[in-house]
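This report looks at the open spaces and the nonpolar interior of one protein. The sequence and the structure come first.

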Amino acid sequence: MSILECKGLSKHFGAVQALENVDLAIEPGHIVGLLGPNGSGKTTLIKLANGLLTPTSGSITIGGIAPGVQTKSVVSYLPERIALPEWMTAEQAVDYYQDFYADFRRETAEAMIQNLGLNMKQRIKTMSKGTKEKLQLILTMSRDARLFLLDEPIGGVDPATRDYILRTIIGNYNENASIIISTHLISDVEQVLDEVLFLQNGRIVLHDTVDAIRNEKGTSVDALFREVFRC
């Protein structure tokens, strides 16, 4: 069974069409790049999968179940904006995740926090933007979830940290899980992707494997993206 499936999925905000008639199936064990220009519908799709929005028409399911209370236990979501209370320390944020999620792996989180040089006693409000993003990604990837939804996970960190984060993403999920990464930094994440989805004006214009793009089209995902979405 697909971990994420959309059938005729549409989402409108008044007269604005965010997604239109999207058909999609993501199988377990894949890392998928969700790619497209600003306003293409990437964040809307991720929010629908996380149950933060409801479809205008069509359907979306996680493991055969509509997003809601039941799917919270199998979906780990990294929002584009920091969502942690700023009064918390890193340690309190770890405690919070441990209390809230039965699948949270505290030892994994603490090891990553140490490796990235974060201070467990530092309050989130005093952290830099990049440090906040590191902490939130660590917490997200320390769950034993079936579907990880990552909205711009490496946007605010330096290139060396990006490499560590990508290795962390690869090393912290199992073959029964899938990861969807929405990002503009295609050349940075291309190395870890199995598949890519190109969204344009709320529609899927390409869904293919990275290997097929390289072998059949003779180009990188980044180069193909630039060609498809050339201004």
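The text below describes two pockets and then two nonpolar cores of this predicted model.

**Pockets**

The largest pocket has a volume of about 330 Å³. It is lined by 16 residues, and N50, Y77, P79, Y97 and Y101 are the closest to its centre. Two elements, β5 (75-78) and α2 (90-100), each give two or more residues to this lining.

The second largest pocket holds about 240 Å³ of space. Among its 15 lining residues, the closest to the centre are G39, G41, K42, T43 and T44. Helix α1 (residues 42-49) supplies the largest share of this lining, 4 residues.

The table sets out the kinds of residue in each lining.

| Pocket | Nonpolar | Polar | Charged |
|---|---|---|---|
| Largest pocket | 11 residues | 3 residues | 2 residues |
| Second largest pocket | 2 residues | 8 residues | 5 residues |

**Nonpolar cores**

In soluble globular proteins, nonpolar side chains tend to be buried together. Which residues have the most contacts inside the largest nonpolar core? They are L150, V196 and F198, in a core of 29 residues.

L150 can be followed further. Apart from neighbours within four places in sequence, L150 is in contact with I46, L78, L137, T140, M141, I169, I179, I180, I181 and S182. A second core, separate from the largest one, has 23 residues, including L9, V32, L149 and L197.

Notes: Residues are numbered from 1 along each chain as its sequence is written. This is a predicted model: local features need pLDDT of at least 70, side-chain atom pairs count only at pLDDT 80 or more; totals for chains, interfaces and linings use all residues. Side-chain values use heavy atoms; hydrogens and water are left out. On a 1 Å grid over the protein atoms alone, a cavity is a set of points where a 1.4 Å probe fits but cannot get out, and a pocket is an open set with protein on both sides within 12 Å along at least five of seven lines; lining residues have an atom within 4 Å of a point. Grid points are joined across faces, edges and corners, and a volume is the space filled by probe spheres set on the points. Ala, Val, Leu, Ile, Met, Phe, Trp, Tyr, Cys and Pro count as nonpolar, Asp, Glu, Lys and Arg as charged, and the others, Gly among them, as polar. A nonpolar core is a set of buried Ala, Val, Leu, Ile, Met, Phe, Trp, Tyr and Cys residues joined through side-chain atoms within 4.5 Å. Buried means under 20% relative accessible area, exposed over 50%, partly exposed in between (1.4 Å probe, protein chains only). Contact means heavy atoms within 4.5 Å.
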